[in-house]
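Here is a short report on a protein and what it binds. Look over the sequence and structure first, then read on.

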Amino acid sequence: MKIEEVTLRHIKLPYVSPFQTSRWTEYDRECLIVQLRADGLTGWGECVAGHVPNYSYESTKTNWHILEDFIIPEVLKADLADIPAYREAIGYLTGHPMAKAGMEMAVWDLLAQRAGVSLQKFIGGQGDRVRVGVSVGIQKTTDKLLKVVEKYLADGYQRVKLKIKPGRDIGDATAVRGAHPDLLLQVDGNSVYRLSDAEHLKGLDDLNLLLIEQPLGEDDLIDHAKLQPQLKTPVCLDESITSATHARWALELGACRVINIKPGRVSGLHEAIRIHDYCYERGVPVWMGGMLETGIGRASNVAVASLPGFVLPGDISASARYFPEDVIEEPFVLNPDSTLSVPTGPGLGVRVKMETLERMTLRKETYRQA
Ligand code: OSB
Ligand code: MG
């Protein structure tokens, strides 16, 4: 398959409300959208990096640089028969997993469409729905948090993740647990704690949490391996798992008992599926993480989350939880059983709303074969 044309868009989509983690606050979803044309088909991809390099070192600007200067020229030169051909073409590039993954998503979309099947079928996913939850940012007060959680429960979410930081961790989680004794509840520290906080983190251990996500440093498998045995609650790694090799290292070290998989963080669907397969063979639970994606990235996440090893509910909420206006024609809606339906149309199975996409575009560039 020869890619005839690549269009890169930098878009900015307002959130319904700001999203606060332990170390930063986001007000809009800024990201790059990749559009490919080949054989009369259009493929779409989303790079998950935001405007600011907060979650990782990547940003919309570094994504643009890596795509424009390195990935797009390779893609326009190559004959992309399959995903390994794409990975081979860009195999000389170190790092920048989110730039690589955004392009890979668009290639997956094209390949599945060419095969005449949904992305879910193309990768061997199962079932018509995936279980999901909602990730709740840090609120101004614990009372406000309780109200926000109530609202999400009323919407039908059956699993809640709380963002935590020092000073807003044990108290917030204890309050939510007190109000909802049977709720599936978990917390995410986004790398803000250190091993010296182990005694403090034990304060979360009697709240019957599903897991504690990424408490320590993003590059720190060693101290997570020292922390996990001190807790009854499973540690789940997010930022620290950037490849299938890191997943193996983490599990061999005992640094975690659960893994959050985000295709963007691990350079694409291909590597995400490798991590899934590795964990599935060993009975290690995985779940689909989220990066507040638009409907394009969400469609991909939902399809991948239908693989059998994704046994915990994912951070993949309905479009309305994130945006007043999404960039797809039919927004994702929450089913009453706290699931999202897996798209069945060819490829990603969502139709991009061009009018909205163009209106949200800050910068756009089209590239063709020289
Ligand atoms: O750590 O899981 C995270 C959003 C942006 C960056 C990092 C994270 C998150 C979330 C949101 O928790 C999950 C979602 O997309 O709903
Ligand atoms: Mg996380």
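## Polar contacts to ligand 1

Lys 161 has a polar side-chain atom 3.0 Å from an oxygen atom of ligand 1. This model is predicted. Tyr 322 also takes part: one of its polar side-chain atoms lies 2.7 Å from a ligand 1 oxygen atom. For Asp 238, the distance from a polar side-chain atom to an oxygen atom of ligand 1 is 3.1 Å.

How much of ligand 1 does the protein bury? Alone, ligand 1 exposes 400 Å². The protein buries 100% of that.

## The pocket and its shell

Ligand 1 takes up the space of the largest pocket. Around ligand 1 there are 17 residues. Those that come nearest are Ser 135, Lys 161, Asn 190, Leu 292 and Tyr 322.

The shell around ligand 1 is mixed in character: eight residues are charged, six are nonpolar and three are polar.

## The magnesium site

Ligand 2 is a magnesium ion. Its protein donors are Asp 188 (OD), Glu 213 (OE) and Asp 238 (OD). They lie 2.0 to 2.3 Å from the ion. Along the chain, the donors follow the spacing D-x24-E-x24-D.

Glu 213 sits in strand S8 (residues 212-213). Asp 238 sits in the loop between strand S9 (235-237) and helix H9 (244-253). The pair therefore ties together parts that are 25 residues apart in sequence.

Asp 238 appears in both settings: it is a donor of the magnesium ion, and its side chain has a polar atom 3.1 Å from an oxygen atom of ligand 1.

Methods
Residues numbered from 1 in each chain as written. Chains lettered and ligands numbered in written order. Predicted model: local features only at pLDDT ≥ 70, side-chain atom pairs only at ≥ 80, totals over all residues. Heavy atoms only, no water. Near = heavy atom within 4 Å. Polar contact = N/O pair within 3.5 Å; in protein donor to acceptor, adjacent residues only side chain to side chain. Areas by Shrake-Rupley, 256 points an atom, 1.4 Å probe, with all protein chains shown as cover. 1 Å grid on protein atoms, 1.4 Å probe; cavity = no way out; pocket = protein on both sides within 12 Å on 5 of 7 lines; lining within 4 Å. Sits in = over half its atoms within 2 Å of the grid points. Nonpolar A, V, L, I, M, F, W, Y, C, P; charged D, E, K, R; others polar. Donors = N, O, S within 2.8 Å, 3.2 Å for Na, K, Ca; no water. Helix = DSSP H or I, 4+ residues; strand = E, 2+ residues; numbered from the N terminus.
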